[in-house]
Amino acid sequence: MLSVNNAIFYRPKDKIVHADNARKNFFRPGGDHLSLLNVYNEWVETDFSTQWCFENFIQYRSMRRARDVRDQLEGLMERVEIEMTTNPSDSVGIRKAVTAGFFYHTAKFSKGGQYRTVKHQQTVHIHPNSSLFEDQSRWLIYHELVFTTKEYMRQVIEIENQWLLEVAPHYYKAKELQDTASQKLPKTLGVTREQARAV
C-alpha cells in the first residue's frame, strides 16, 4: 500500500466532502499504516470489487498494484519457508514491525508544540490527510517527508520510544530516546538559600 505513492484515495472536485468522509471512515487508532491495512482488508472482504472502490473514492488500479505486491511477498515467503501468520487486531505487533523497518524515520513531539526528528532535530509536521493529524502522539514513525509550505510527514504511525532501543540499539542511544515530558527536575539542582548567602 505504501509503494503506490499515496494514490489510494482520490478527491473529485464536485465531491470533496464525500471523499473526505469516506477516507475518514477507514481511520484506525494508531496511525495511517493501520488505516491502510483496514482499507485493504475491507477490499478483500468485497472480493476485490471495483464498485466498492468507486463508492469509497479509492483508486482500483492502486489497489490492484498493492495486491500484486502482496502476492509477490507471499510467494517469496513461501520460497524461503517463512510461515505466514496474521492477527489484524494486534496493532502493537504491526506497529513494532513498522518501527523495525523505518526506525531511522522517527519524530518526537517537543515542548514547543511541534515535532522534531530525533537524529537531526528538524522541525516536521503531520500531513493534513493523516489519521493522526489532530492527535498529539509523543513518538511517531513516518514513511516519507514531503516539502510544500512546510516539511510534512506522510504515513505516520504512533510508537513507543522504548521500541526503538529494542529494534535499533546500534542506531539510537538511550539518552536520545528519553521522554522528558514526564520527568521532574531533580531536587539537587540549584542552590539553597543558605548556600547562596554563604557565597
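Glutamine 155 touches Leu2, Asn6, Asp32, His33, Leu36, Ile141, Tyr142 and His143, leaving aside residues up to four places away in sequence. That's a handy way into this predicted model, a protein with seven helices and five strands. Here's a quick tour, starting with the overall layout and then zooming in.

**Overall layout**
- Going along the sequence, the elements run α-α-α-α-α-β-β-β-β-β-α-α.
- The protein has 199 residues, and 33% of them count as buried.
- Take the contacts with a separation of 6 or more: 58% of them come from residues 24 or more positions apart.
- About 13,100 Å² of the protein is exposed, with carbon and sulfur atoms supplying 51% of that.

**Nonpolar cores**
- The largest nonpolar core has 13 residues, and those touching the most other members are Trp139, Ile141, Ile157, Ile159, Leu164, Tyr172 and Leu177.
- Strand 4 (139-147) and helix 6 (161-167) are the elements that give two or more residues to this core.
- There's also a second, separate core of eleven residues, with Ile8, Leu36, Val39 and Trp52 among them.

**Helix 2 against helix 4**
- Helix 2 (residues 32-45) packs on helix 4 (residues 60-79) at an angle of about 95°, and their axes sit 11 Å apart.
- Angles of 65 to 115 degrees count as roughly perpendicular, so helix 2 and helix 4 fall into that class.
- On the helix 2 side, Val39, Tyr40 and Trp43 make the contact.
- Helix 4 brings Tyr60, Met63, Arg64, Ala66, Arg67 and Arg70 to the contact.
- Sorted by type, the residues of this contact come out as six nonpolar, three charged and no polar.
- Val39 turns up twice here: it belongs to the second core, and it is one of the helix 2 residues touching helix 4.

**Two residues up close**
- Glutamine 155 lies in strand 5 (residues 151-158).
- Buried means under 20% relative accessible area, so glutamine 155, at 14%, counts as buried.
- One of the residues it touches is Ile141, which is a member of the largest core; another is Leu36, which is listed in the second core.
- Lysine 15 is found in the segment before helix 1 (16-24).
- With a relative accessible area of 36%, lysine 15 is partly exposed.
- Lysine 15 and phenylalanine 57 are 42 residues apart along the chain, and their C-alpha atoms are separated by 9.5 Å.

Conventions. Residues are numbered from 1 along each chain as its sequence is written. This is a predicted model: local features need pLDDT of at least 70, side-chain atom pairs count only at pLDDT 80 or more; totals for chains, interfaces and linings use all residues. Side-chain values use heavy atoms; hydrogens and water are left out. A nonpolar core is a set of buried Ala, Val, Leu, Ile, Met, Phe, Trp, Tyr and Cys residues joined through side-chain atoms within 4.5 Å. Buried means under 20% relative accessible area, exposed over 50%, partly exposed in between (1.4 Å probe, protein chains only). Helices (H or I, at least four residues) and strands (E, at least two) are DSSP runs, numbered from the N terminus. Contact means heavy atoms within 4.5 Å. Accessible areas come from the Shrake-Rupley method with a 1.4 Å probe; for residues, only the protein chains shown count as cover. Axes are lines fitted to C-alpha atoms, for helices over the stretch in contact, and angles run from 0 to 180 degrees between N-to-C directions. Angles under 35 degrees count as roughly parallel, over 145 as roughly antiparallel, 65 to 115 as roughly perpendicular and the rest as oblique. Ala, Val, Leu, Ile, Met, Phe, Trp, Tyr, Cys and Pro count as nonpolar, Asp, Glu, Lys and Arg as charged, and the others, Gly among them, as polar.
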